[in-house]
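Student: Hi! Could we go through this model together, starting with the strands?
Tutor: Happy to, let's bring it up.
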Amino acid sequence: MFGHKKTQLIAPVSGQIIPLSEVPDPTFAQGTVGYGFGVKTSGESVVSPVEGEIIMMFRTAHAFTVRTDSGVEVLVHVGIDTGKLDGEGFEAIAVRGDKVEAGAPVVRLNNLADLEAKVPSMITVVVVTNAKKVEPGELHLDASFGDPVLELK
């Protein structure tokens, strides 16, 4: 079971924070994967939204999951339909098993404008995948890159 320490999720990319319901992918927008938020990606560095261990890194580096010491699992998915690019434009900086601090670089986007031209959206989605174990706090839509966006109870 999870500890009582509150977990804060920070914005993993620079850009405007949006509610999950506004993400242009029904699987994410309807909360099927979990609850969280989206970021209209405007930078080329993707960092860990929490302190923990990378437990999954897609081969294509477009998505990864970090598990906190308290067991919260957070998926970061960069862009919509970016898996079909087969890794083009994505560079993994961290790998499965790495311990990361919140704000530590995990993925680099090599050319954001090029990526934007190839997929429906470059919104980065951040979701808690084991959401039944924790309760979300207030979503801070005015947060900036690296700032706390969502606190979990």
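Tutor: One term before we start: two strands pair if DSSP finds at least two bridges between them. Also keep in mind that this is a predicted model.

Student: Okay, so how many bridges join β8 to β10?
Tutor: There are 3, and the two strands run antiparallel, with β10 spanning residues 105–109. Within that pairing, Phe90 has Leu109 of β10 as its bridge partner.

Student: And which sheet do those belong to, in what strand order?
Tutor: An open sheet of 3 strands, ordered β4-β10-β8 and paired antiparallel. Its edges are β4 (45–47) and β8 (90–92), each of which pairs on one side only. On average, neighbouring strands in this sheet are turned by 25 degrees against each other, direction ignored.

Student: Now the sheet of 7 strands, what's the order there?
Tutor: That open sheet reads β2-β3-β11-β7-β6-β5-β9, again with antiparallel pairing. The edge strands are β2 (15–19) and β9 (99–100), each pairing on one side only.

Student: How does β9 pair with β5?
Tutor: The two are antiparallel and share 2 bridges, with β5 covering residues 52–57. Gly52 has Val100 in β9 as its bridge partner.

Student: What about β11, is that strand enclosed or open to the outside?
Tutor: Largely enclosed by the rest of the structure, because 8 of the 8 residues in β11 (residues 121–128) are buried. Ser121, Ile123, Val125 and Val127 point one way, Met122, Thr124, Val126 and Val128 point the other way, and all are buried.

Student: Which strands pair with β11, then?
Tutor: Strand β3 (residues 35–41) does, antiparallel over 6 bridges, and Lys40 stands opposite Ile123 there. Strand β7 pairs with β11 as well, antiparallel over 6 bridges, and in β11 Val127 stands opposite Leu75.

Student: Changing topic: where is Thr68?
Tutor: Thr68 lies in the loop between β6 (63–67) and β7 (73–80).

Student: And why does Thr68 count as buried?
Tutor: Because its relative accessibility is 8%, and buried means under 20%. Leaving out residues up to four places away in sequence, Thr68 touches Thr7, Val50, Glu51 and Gly52. You met Gly52 earlier as the bridge partner of Val100 in β9.

Student: Last one: what domain does UniProt annotate for residues 25–130?
Tutor: The unreviewed UniProt entry gives "domain: PTS EIIA type-1" for that range. Over residues 25–130 the chain is 10% helix and 44% strand, and the end C-alpha atoms are 19 Å apart.

How values were computed:
Residues numbered from 1 in each chain as written. Predicted model: local features only at pLDDT ≥ 70, side-chain atom pairs only at ≥ 80, totals over all residues. Heavy atoms only, no water. Helix = DSSP H or I, 4+ residues; strand = E, 2+ residues; numbered from the N terminus. Buried < 20%, exposed > 50% of the residue type's maximum accessible area, 1.4 Å probe, protein only. Contact = heavy atoms within 4.5 Å. UniProt positions renumbered as here; feature names shortened; annotations may be inferred. Axes fitted to C-alpha atoms, helices over the stretch in contact; angles between N-to-C directions.
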